[in-house]
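Trainee: Got a minute to go through this one with me? I'd like to start with how the parts are laid out.
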Amino acid sequence: MFDRLEALPPDAIIALMQQCQADDRPDKIDLGVGVYKDSAGNIPIMQAVKMAETQIVADEKTKTYVGTTGRVTYREYMLSLVLGAEHPALQAGRIASTQAAGGSGALRIGAQLAFTAAPDASVWVSTPTWANHIPLIGSAGFAMKSYPYYNRDTLGVDFEDMLTHLEDHAKAGDIIVLHGCCHNPTGADLTPAQWDRLIPFLNKRGLLPFIDLAYLGLGHGLEKDAYGVRLAMRDCPEALIAVSCSKNFGLYKERVGLLAVLCETPDQTQIAQSQLGMIQRTLISMPPDHGAKIVERILGDPELRRIWSEELTVMRERMRGLRHQLSDALDVQGGEHIARAVIDQNGMFSTLPVTQDQAITLREDHAIYMTNSGRINIAGANGDNIPTLATALLDVLS
Ligand code: PMP
């Protein structure tokens with residue numbers, strides 16, 4: 001039967017990564033894949049993670065199954081990290097949750113839950129969005145649609161266009177995918193004032209937010225980055241939040257995530273909770289445990305938590321510093337608007353106004369690797385190669 005299958009092209013970002021690895025130019029700059037790198041170009045294990053892991057390995061007595069929705073304590077700690085311990089939705093018992101295999105697992109379970117409840121809804125994603133949103137959420141069965149978001153001329157968010165488009169085209173009950181912070185691939189986030197307008201808009205139109213929070217703490221800090229999520233969970237009747245611990249704990253391959261579901265009443269929350277267990281069971285049976293245990297240990301131990309939070313601050317500030325350096329280097333005639341945008345944008349990514357041909361020229365002539373859409377991972381740069389990067393960018397853009 002497998003002779004009926006068609007070969008698929010390699011994943012674009014993996015292909016880019018491999019092309020970069022095969023490039024033997026010593027001064028190559030890899031701005032491709034979305035992982036945090038330190039100034040030496042390593043993808044480090046955080047010290048707090050190593051410490052927690054050592055304790056866990058010493059203490060662990062069994063490898064038995066964890067249950068379909070994962071560790072209760074992990075979920076509690078994660079919810080209070082994301083929402084704050086005193087959040088009204090937590091206190092009202094309105095949040096169902098499950099441990100998930102990364103943010104991706106959380107998105108997939110969330111999509112399945114929503115599809116079970118509302119198969120006729122459409123799901124709206126920003127233009128552009130993280131490429132995997134469409135297959136991950138779409139594979140639950142949803143019709144996927146898109147709303148305007150990033151303006152490649154101003155390099156900012158077209159907020160009015162976004163609202164107008166949703167006002168005109170989305171129907172009550174539709175689901176709107178939003179990036180909690182550090183929008184991937186653009187780095188262009190909604191401001192608190194825009195969240196303040198968006199949430200009542202969604203409520204008035206009967207639209208349900210599905211917020212993807214994959215970079216908490218990597219934009220402006222743990223509290224500020226959670227602004228939109230906390231607001232939605234306070235003011236919306238229903239919402240979905242998919243959280244990833246891949247980037248902010250550096251736990252990529254351990255597959256750690258959380259799905260939180262805001263329901264209207266505690267009774268509905270109980271029902272949603274039972275559905276989450278069944279959905280996970282149907283998809284992968286049980287979530288992986290090791291990474292969630294690490295996160296649980298870090299969040300539950302004041303000393304480990306302090307160390308983790310300091311390490312997270314170092315990561316965030318390194319990326320902020322690189323943004324400033326790149327901005328300064330681009331702040332010459334013709335580069336001013338990019339210089340401004342690079343500072344205004346948050347987290348790992350920016351989408352630069354380069355065409356596909358220009359991205360290829362950067363690769364071939366300058367050994368600078370970014371996606372063909374112009375997305376850069378700023379953590380792939382360092383203080384030494386920023387001047388080369390800026391000169392090459394200005395060269396291809398002129
Ligand atoms: N959402 C966004 C926007 C992402 O960028 C990523 C990771 N690239 C994820 C979700 C999922 O990450 P993971 O499944 O590795 O936790």
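Mentor: Start with the spacing: the C-alpha centres of domain 1 and domain 2 lie 28 Å apart. Keep in mind that this is a predicted model.

Trainee: Where does the chain split into domain 1 and domain 2?

Mentor: Domain 2 is residues 65–300. Domain 1 is made of two stretches, 11–44 and 317–397.

Trainee: And how many residues are in contact between domain 1 and domain 2?

Mentor: On the domain 1 side there are 19, and they are in contact with 20 residues of domain 2. Helix 14 (336–344) and strand 11 (349–351) each supply at least two residues of the domain 1 side. Helix 14 gives the most there, with four residues.

Trainee: What is that side of domain 1 like by class: nonpolar, polar, charged?

Mentor: The side of domain 1 that touches domain 2 has nine nonpolar, eight polar and two charged residues.

Trainee: Does a record say anything here? What feature does UniProt place at residues 27–393?

Mentor: The UniProt entry, which is unreviewed, places "domain: Aminotransferase class I/classII large" there. In the model, the span 27–393 is 48% helix and 15% strand. Its end C-alpha atoms lie 15 Å apart.

Trainee: Switching to the sheet. What is the strand order in the open sheet?

Mentor: Seven strands, in the order 2-10-9-8-7-3-4, with mixed pairing. Strand 2 (95–100) and strand 4 (143–148) are the edge strands, each pairing on one side only. The twist averages 20° from one strand to the next.

Trainee: Take one pair inside it. How many bridges join strand 3 to strand 7?

Mentor: Two, between strand 3 (residues 122–127) and strand 7 (residues 175–179), and these strands run parallel. If you want a place to look, Trp124 stands opposite Ile176 in strand 7.

Trainee: Which strands does helix 5 lie across?

Mentor: Strand 2, strand 7, strand 8 (208–213), strand 9 (239–244) and strand 10 (257–262). Helix 5 runs at about 160° to strand 9.

Trainee: Now the ligand. Which residues come nearest to it?

Mentor: There are 13 residues around the ligand, and Gly102, Gly103, Ser104, Ser244 and Ser246 come nearest. Helix 5 turns up again: residues 102–117 form that helix, and the largest share of the shell, three residues, comes from it.

Trainee: How does the shell divide into nonpolar, polar and charged?

Mentor: Three nonpolar, nine polar and one charged.

Trainee: Last topic, backbone oddities. Which peptide bond has omega near -5°?

Mentor: The one from Thr127 to Pro128, which is cis. Pro128 lies in the loop between strand 3 and helix 6 (133–138). A cis peptide bond also joins Asn184 and Pro185, with omega about 20°. Pro185 is in the loop between strand 7 and helix 8 (192–205).

Trainee: Where is Cys182?

Mentor: Also in the loop between strand 7 and helix 8. Phi of Cys182 is near 50°, which is positive although the residue is not glycine.

Trainee: Why point these out?

Mentor: Because most residues other than glycine have a negative phi, and most peptide bonds are trans.

Note on methods
Residues numbered from 1 in each chain as written. Predicted model: local features only at pLDDT ≥ 70, side-chain atom pairs only at ≥ 80, totals over all residues. Domains from an automatic or database assignment. Contact = placed C-beta atoms within 7 Å. Nonpolar A, V, L, I, M, F, W, Y, C, P; charged D, E, K, R; others polar. Near = placed C-beta within 6 Å. UniProt positions renumbered as here; feature names shortened; annotations may be inferred. Pairing = 2+ DSSP bridges. Axes fitted to C-alpha atoms, helices over the stretch in contact; angles between N-to-C directions.
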